[in-house]
Amino acid sequence: MSELLLRNHSPDAAGLVHRVTPESAGWTYVGFELWRLHPGQSVAQATGEREACLVIVGGKADIAASGQSWSGLGGRIGPFAGESPCSVYVPWHEEFAVTAVTDLELAVCWSPGGGSYPARLIPPEAVTTSSRGKGTNVRHVRDILPEGEPAHSLLVVEVVTPGGNWSSYPSHKHDVDNLPEESLLEEVYYHRINPAQGFAFQRVYTDDRSLDVSMAVEDGDLTLVPRGYHPCAAAHGYDLSYLNVMAGPQRAWRFNTEPAHRWLLG
């Protein structure tokens with residue numbers, strides 16, 4: 001199994017399924033946690049030197065952060081329900097608590113904090129949606145915490161790719177701190193598949209092939225992109241959703257398409 005692939009498994013007694021830290025990933029900026037909670041279970045943490053985006057992947061929750069509270073947030077079944085998720089941004093040096101009202105799938109997205117950004121609710125109607133590509137390269141994008149919205153370093157987006165289609169394609173990378181041409185962003189993909197018994201593929205590779213890993217991903221798997229190109233393909237009959245978390249030294253998404261495939265952009 002690739003060190004870039006973290007397989008789905010049952011949650012521990014507290015509800016934790018995945019936890020990625022800069023130390024565990026061998027990088028600098030991105031952290032990620034995936035929790036599956038039963039009604040009444042809670043997650044409470046302090047952000048410390050980090051900022052966080054709490055994404056309700058599926059289910060309903062009560063959330064308190066930075067002296068504010070919201071009841072009954074969320075409610076969609078999951079990412080394939082045809083609607084955007086409900087999320088909460090939490091700045092550094094604050095605390096948050098999430099309590100499951102129903103069975104809950106919660107993503108906690110981390111990156112270094114800074115600045116003076118208030119905690120805020122990001123309701124589904126505030127999430128900009130769009131479709132990219134054409135033919136078998138169409139995918140549907142939900143910008144949860146994009147570059148144009150206030151945060152210090154964190155970028156969060158959810159993408160749904162219909163079965164048989166490609167995504168994060170033509171192959172692109174963002175691993176060089178060279179703005180405005182390209183930004184350096186580490187990235188996590190949290191994959192969901194519908195129906196759940198399906199699969200998809202992701203390849204992570206560099207120009208010199210010093211990194212070249214191809215992975216079959218299943219429902220609930222997590223993949224890490226420390227550098228290089230990282231296209232995905234959904235198997236026919238199985239839709240692919242992924243939650244992307246990105247961060248780097250500058251909060252900008254500027255990528256370079258692999259030269260061999262730039263003709264596809266025309």
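How many nonpolar, polar and charged residues does the lining of the largest pocket have? In this predicted model, the lining of that pocket has 16 nonpolar, 9 polar and 6 charged residues. The space in the largest pocket comes to about 620 Å³, and of the 31 residues that line this pocket, those closest to its centre are Arg 132, Arg 139, His 172, Trp 253 and Phe 255. Several strands contribute to the lining of the largest pocket, with at least two residues supplied by each of strand 13 (139-145), strand 14 (155-161), strand 19 (186-194) and strand 24 (239-247).

The second largest pocket holds about 150 Å³ of space. Its lining consists of Glu 3, Leu 4, Leu 6, Val 20, Ser 24, Ala 25, Trp 27, Leu 211, Leu 224, Pro 226 and Arg 227, and these residues divide by class into 8 nonpolar, 1 polar and 2 charged.

Attention turns next to the arrangement of strands. In general, the strands of a sheet pair through backbone hydrogen bonds, in either a parallel or an antiparallel manner. In the present model, an open sheet is built from 6 strands in the order 2-3-10-5-8-11, and the pairing within this sheet is antiparallel. The edges of the sheet are occupied by strand 2 (16-20) and strand 11 (120-122), each of which has a single partner strand, so that one side of each is left without a neighbour in the sheet. From one strand to the next, the twist averages 15°. At one of these edges, strand 11 pairs with strand 8 (residues 86-90) in the antiparallel sense over 3 bridges, and Tyr 89 is placed opposite Arg 120 of strand 11.

A further residue that may be described individually is Glu 95, which lies in strand 9 (residues 95-100). Because its relative accessibility is 55%, and exposed residues are those over 50%, Glu 95 counts as exposed. When the neighbours within four places in sequence are left aside, Glu 95 is in contact with Gln 45, Ala 46, Ala 64, Ala 65, Ser 66 and Val 90. For one of these residues, Ser 66, the separation from Glu 95 amounts to 29 residues in sequence, whereas the two C-alpha atoms are 6.0 Å apart in space. Glu 95 is thus described both as an exposed residue and as one in contact with residues beyond its neighbours in sequence, including Gln 45 and Val 90.

Key
Residues numbered from 1 in each chain as written. Predicted model: local features only at pLDDT ≥ 70, side-chain atom pairs only at ≥ 80, totals over all residues. Heavy atoms only, no water. Pairing = 2+ DSSP bridges. Helix = DSSP H or I, 4+ residues; strand = E, 2+ residues; numbered from the N terminus. Axes fitted to C-alpha atoms, helices over the stretch in contact; angles between N-to-C directions. 1 Å grid on protein atoms, 1.4 Å probe; cavity = no way out; pocket = protein on both sides within 12 Å on 5 of 7 lines; lining within 4 Å. Points joined across faces, edges and corners; volume = space filled by probe spheres on them. Nonpolar A, V, L, I, M, F, W, Y, C, P; charged D, E, K, R; others polar. Buried < 20%, exposed > 50% of the residue type's maximum accessible area, 1.4 Å probe, protein only. Contact = heavy atoms within 4.5 Å.
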